Amino acid sequence: MNESAFLLGQVFNGFSVASLFILAALGLALSFGLMRVINMAHGEMLMLGGYLAYMTLQVVPGPFGILAALPVAFLGAALLGAVLELTVIHRLSARPLDTLLATWGVSLVLQQAARNLFGAIGVEVTAPTWMDHTVSVNSGFLAGMDLPDTRIFILLIAALVLGALAALLNKTRLGLYVRAVNQDRATAAAMGVNARLIDLLVFSLGTGVAGMAGVILALLGPVTPTVGQSYIVPAFLVVILGGLGSLVGTTIASIIVGLFTALIEIFVDVSVAQVLLLVFVILFIQIRPQGIITVRTRALEG
Amino acid sequence: MAMKKFGFAAALLAGTILAGHTAAWADGTVKVGVLQSLSGTMAISEVPLEDAELLAIDQLNAKGGVLGKKIVPIVEDGASDPSTFAQKATKLIEEDKVVTVFGGWTSASRKAMLPVFQKFDNLLWYPVQFEGNECSPNIMYSGAQPNQQALPALAWAESKGYKKYFLLGSDYVYPRTANLILKKHIAHDGMTLSGEEYVPLGGTDFSSVIAEIQQAKPDIIINTLNGDSNVSFFKQMAAAGLTPDKLPVMSFSIAEPEAKAMGPSLLAGSYTSWNYFQSLPGAANAAFVSAYKAKYGAGSVVDDPMVHGYEDVMIWADAVKKAGSFNPTKVRDAAVTLGFVESPLGKVKFADNQSMVQTAYIGKLQPDGQFKIIWSSPGPITPQPYDPLTFPGKSCTIPH
C-alpha cells in the first residue's frame, strides 16, 4: 500500500469512527438541548439496541436480519426511553443533579438486568455475509486501499439518520415545536405548544437513535452488559465539544474527533492518541468554552 | 417484635446446624480464602475460576478434608479493582484468619495484594499466566511464566517459517512486558518486527490498527489484547477481509469461554498458546471436565486459568498433608518438594522458585469452539521468572 492510499484510508477510518460517535451522541445532544437532562443511562440504550439486534437475528436469521433489527431496536429503545422519561426524568426535571444520579442508577439496573437475562459473557451478533466484502482499489495512486462494506454501511446509516433528523427538525411542524420549546419553553407553552409532550417525544427519539446505534456497534464490537460504557465517554465528549444541545455542533465535533484520532494514530499508539485527544479537547474548551456551535436559548442563559 | 423472635429462633437454629456440622468433623474446620472478582469487568473470567476453586474444595471435603479438618472457603469479591483486592486480602487474613488464599487474575490485582501477603507472611496461590519479572516467597505462581507461553508460541511460529511479526496488545503491564520480552527474542532470532500497537483496555475501535497491519503486511500477529477488545478486533479484521486463515493470529488471552462467547465462527483457525486445553487427553482431565460439568451445567466449558485454580487447591492440600501443618511457611516449603503430580494439565510440579513446571501447548480453534492441539513442548518447561535476554543478571531464588 502506498502512502497516499494509507493516508486516504485513515481519512475514511476517521469518518467511519465519526459516524459511530454521531449515532451514539445524537440522542444525548437532543435530550440535553431540550430538557437540560444528562442521561447517564444513554449508553445502556446502545446496549439494549445490541441485544435487540441479537434477538431479531434469532427470529429473522437470513441476510436481511440486520435491516429488520434497525427498526426493532429503534422502537424498543424509544419505548424504554419513553418509560424512563415518564417515570424518572419528568419527575426530577427541576433537579438536574438528581437526574444525573437517578439515570446512573437506571444504567446500573439495566446492566444487571442484561447480565441476569443473557449472562455476563455477552452474545454474538455476526455481520451478514453480504457485508463481508471490501471495496478494494487495485490500481492508480490509491492502490491497496480497502474499504470494508460494514464501514460503508455504517456511514450510510449515520448519514440517513442525520438527514432524517435534520428534516424532522427543520421541515415539519413537530420540528418547529421542538425548536420553539428549545429556544424558550415558557413562551412556547404560552403559545399553545404542549411542551410536556414534546419533551417525551424528543427524549424517546433520542433513545431510539441510540438503540439503532447499538445495532451498528454490534457489527463492529461485542454485545455485553457493559458495552454502553465504552461509548458513553466519547459520546459526552463530542456533545461537549460540539456545543451543548447542538446537532450541527455534535456532527462537526464527531468528525473532528474521528479525524483527529485516525490521523494522529498514524504516528502514535491508540492509547497515546486517546491522551492527545483529551488534551486537545481540554485546550479547545479553554479557548471556546461554549463549544463549536453556540446555541442561543433562554434556558442556557439562565 | 415478631421479627425479633423470628431472628432469635433463626439464630438458634443456625447455631444448632453449625454445632451439628462441627460435630461431624472431629478435628474442626480450617478456613481458606477465595478472592476473585465476582463483579465488574473481570467477572466474566473470574467467576468460573472461583467455581473451579470451590469445586476442588468440595472434592477435598468429600474425601475427608485435610488433616481431618473440613475446609471452609471464605469467598470475597475483588470487584475488578486492585485496591479492593488488597483490602479484601487483609480482611481475609486478619479477621477471618484464613491459612491461605486462592485468587487474583490481573497483574494489577496481584501486585496490589503482594505487600499484604508479605506483611502477614501468608500465602497466595495465583492461577493466571503473567509477565514474570516478579519473585516473592508469599506467592505460588501456577500460571505460565513468559517462557512457558509466549516464548514457546514464538518458537512454534518461527518453526512454521513466519518471519515478520506484528505485536498488538491492551495497554497495561502484561502485554507491555510480554512484548518487551518477545521483541528481544524476535531480534535475537533474526526475525523482523513489523509493528507494535497498544489499545486501551476495553478499546473498541481498531480501524487505524488494521490499516497499520495492512500496510506492515506481517506474517503473523501476536495478540495480547484482553477481554471484550478481542471481539471488536476480530470482527473488524473479518470486515476488512483479514480472516485468521489469511493472516494468522496467535492470541494469549483467548481460551474456551472467550471463544464460546465471541462465536467460534469468527475466530476459527486462529491460534492460541496455553498450558491447558479442555481437549487435552488423559484420565485426570476427563474426570475434572465431567465433575465441573456435573456441578455447573453440561454446557459449561473450562479453560487454563480455571484448571490452574483447581490444581492450586489440590496441591495446597497435598503440601499441607506433607508438612503436617497449615502454617503458610511450612506449606510452601512442602509444596516445592512434592515432585510431579498427575493433574488435568498433565504432569506438573512447583519448582524451587514457586512457579509451576508445566508443558506448553499450541491450539488451533475449531468451529465447535474447542481447540485442536497442534503442538506441544517436548516436555514440562522449567519456569523462568526473569527472561535472561530481557532482564540479564536477575534471577529468582527463594530460600526454603
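**Notebook: helix packing, core and chain contact**

I began with two helices of chain A: the axes of H6 (residues 173-183) and H8 (residues 195-220) come within 10 Å and cross at roughly 105°. I took axes as lines fitted to C-alpha atoms, for helices over the stretch in contact, with angles from 0 to 180 degrees between N-to-C directions. H6(A) is therefore roughly perpendicular to H8(A), a label for angles of 65 to 115 degrees. My helices (H or I, at least four residues) and strands (E, at least two) are DSSP runs numbered from the N terminus.

A note on the model: it is predicted, local features need pLDDT of at least 70, side-chain atom pairs count only at pLDDT 80 or more, and totals for chains, interfaces and linings use all residues. Residues are numbered from 1 along each chain as its sequence is written, and chains are lettered from A and ligands numbered from 1 in the order in which they are written.

Next I asked which residues meet. Tyr177(A), Val178(A) and Val181(A) of H6(A) meet Ala195(A), Ile198(A) and Val202(A) of H8(A); contact needs C-beta atoms, placed from the backbone, within 7 Å. I sorted this contact by class and got 6 nonpolar, no polar and no charged residues. Here Ala, Val, Leu, Ile, Met, Phe, Trp, Tyr, Cys and Pro are nonpolar, Asp, Glu, Lys and Arg charged, and the others, Gly among them, polar.

Then the core. The largest nonpolar core (buried Ala, Val, Leu, Ile, Met, Phe, Trp, Tyr and Cys residues joined through C-beta atoms within 7 Å) has 200 residues, and Phe21(A) and Ala24(A) are among those with the most contacts inside it. Helix H1 (residues 3-35) of chain A gives the most to this core, 17 residues. I also found that the core lies between domain 1 (29-144 + 282-358) and domain 2 (147-279 + 362-376) of chain B, because both give residues to it.

I looked up Ala24(A) too: beyond neighbours within four places in sequence, its contacts are Leu46(A), Ala210(A), Ala213(A), Tyr231(A) and Ala235(A).

Last stop, Cys396(B), in the segment after strand S15 (371-376) of chain B. I wondered whether Cys396(B) is buried or exposed. Cys396(B) counts as buried because it has 20 C-beta neighbours inside 10 Å; the cut-offs are 20 or more for buried, 12 or fewer for exposed, and partly exposed in between. Leaving aside neighbours within four places in sequence, Cys396(B) touches Cys135(B), Asn353(B), Pro385(B) and Tyr386(B). Gln384(B) is 12 residues from Cys396(B) in sequence, and their C-alpha atoms are 8.0 Å apart.

Methods. Parallel < 35°, antiparallel > 145°, perpendicular 65-115°, else oblique. Contact = placed C-beta atoms within 7 Å. Domains from an automatic or database assignment.
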